[in-house]
Amino acid sequence: MRKEIYHAVVYYKWRIINLVKGIEKPSKVWKDAKYETCIKTTSVEELNKDENFISKLSNINKSSKLVEVKITGIVDPKFLCMSHDVY
């Protein structure tokens with residue numbers, strides 16, 4: 001099945017999750033960031049479900065701790081092409 005590829009700017013919020021005695025304690029402060037990349041869809045809900053894309057965004061933030069990421073918006077998606085080899 002062919003999939004569409006878009007070039008867009010993705011806005012997201014992220015925060016660090018600390019482990020205290022084996023219990024996850026997320027930070028109270030969310031930090032805003034943006035990332036210019038190629039995406040497979042223009043829907044925010046579908047990007048939040050895409051585990052590969054979320055892990056890619058969490059690896060951008062240099063942290064040795066767990067990072068929680070929520071995508072908030074997609075700006076200016078431009079259609080690039082269609083391809084079979086999209087993961």
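# Exercises on a predicted model

In this model, the side chain of Thr41 reaches the backbone nitrogen of Ser43 at 3.3 Å. The structure is predicted, and the exercises below are to be worked on that footing.

## Exercise 1. The setting of Thr41

Task: Determine where Thr41 is placed, whether Thr41 is buried or exposed, and which side chain joins that of Thr41 in a polar contact.

Solution.
- Step 1. Locate the residue: Thr41 belongs to the loop between E3 and H1.
- Step 2. Consider accessibility. The relative value for Thr41 is 15%, and buried means under 20%; Thr41 therefore counts as buried.
- Step 3. Examine the polar contacts. Besides reaching the backbone nitrogen of Ser43 at 3.3 Å, the side chain of Thr41 is joined to that of Glu46 by a polar contact of 3.1 Å.
- Step 4. List the contacts, leaving aside neighbours within four places in sequence: Thr41 touches Tyr6, Glu46, Leu47 and Ile74.

## Exercise 2. The two sides of helix H2

Task: Establish which residues of H2 (residues 51-60) are buried, and why they line one face of the helix.

Solution.
- Step 1. Identify the buried positions: these are Phe53, Ile54, Leu57 and Ser58.
- Step 2. View the helix down its axis. The buried residues of H2 fall within an arc of 135°, and they therefore line one face of the helix.
- Step 3. Turn to the other side of H2, where Glu51, Asn52 and Asn59 are exposed.
- Step 4. Ask what covers the buried residues of H2. The cover includes helix H1 (44-49) together with strands E1 (3-20), E3 (31-39) and E4 (66-83).

## Exercise 3. Positive phi values

Task: Describe the surroundings of Lys21 and Asp76, residues other than glycine with a positive phi.

Solution.
- Step 1. Read the angles: phi is near 55° in Lys21, and also near 55° in Asp76.
- Step 2. Place Lys21. This residue is in the loop between E1 and strand E2 (23-26), in a hairpin with 2 residues between the strands.
- Step 3. Describe the hairpin strands. E1 and E2 pair in the antiparallel sense over 4 bridges, with Ile17 opposite Pro26 in E2.
- Step 4. Place Asp76, which lies in strand E4.
- Step 5. Add accessibility. Lys21 is exposed at 84% relative accessibility, whereas Asp76 is partly exposed, with a relative accessible area of 47%.

## Exercise 4. The cysteines

Task: Decide how many disulfides the structure holds, and why the sulfur of Cys81 forms no bond with that of Cys38.

Solution.
- Step 1. Search the whole structure: 0 disulfides are found.
- Step 2. Take Cys38, whose nearest cysteine sulfur is that of Cys81, 8.1 Å away.
- Step 3. Apply the cut-off. A disulfide needs sulfur atoms within 2.5 Å; at 8.1 Å, the sulfur of Cys81 is too far from that of Cys38 for a bond.
- Step 4. Note the exposure. Cys38 is partly exposed at 42% relative accessibility, and Cys81 is partly exposed at 34%.

## Exercise 5. The aromatic pair

Task: Characterise the 1 aromatic pair of the structure, and state which parts the pair ties together.

Solution.
- Step 1. Name the partners and their geometry: Tyr6 and Phe79 are 5.9 Å apart centre to centre, with 70° between the planes.
- Step 2. Classify the arrangement. Planes over 60 degrees apart count as edge-to-face, and this pair is edge-to-face.
- Step 3. Place the partners. Tyr6 is in strand E1 and Phe79 in strand E4, so the pair ties together parts 73 residues apart in sequence.
- Step 4. Compare accessibility. Tyr6 is buried at 15%, whereas Phe79 is partly exposed at 48%.

Definitions and conventions:
Residues are numbered from 1 along each chain as its sequence is written. This is a predicted model: local features need pLDDT of at least 70, side-chain atom pairs count only at pLDDT 80 or more; totals for chains, interfaces and linings use all residues. Side-chain values use heavy atoms; hydrogens and water are left out. Buried means under 20% relative accessible area, exposed over 50%, partly exposed in between (1.4 Å probe, protein chains only). The arc is that of the directions from the helix axis to the C-beta atoms. Contact means heavy atoms within 4.5 Å. A polar contact is a pair of N or O atoms within 3.5 Å; within protein, one must be able to donate a hydrogen and the other to accept it, and residues adjacent in sequence count only if both atoms are side-chain atoms. Two strands pair if DSSP finds at least two bridges between them. Rings of Phe, Tyr and Trp (its six-membered ring) pair if their centres lie within 6.5 Å; planes under 30 degrees apart count as stacked, over 60 as edge-to-face and the rest as tilted.
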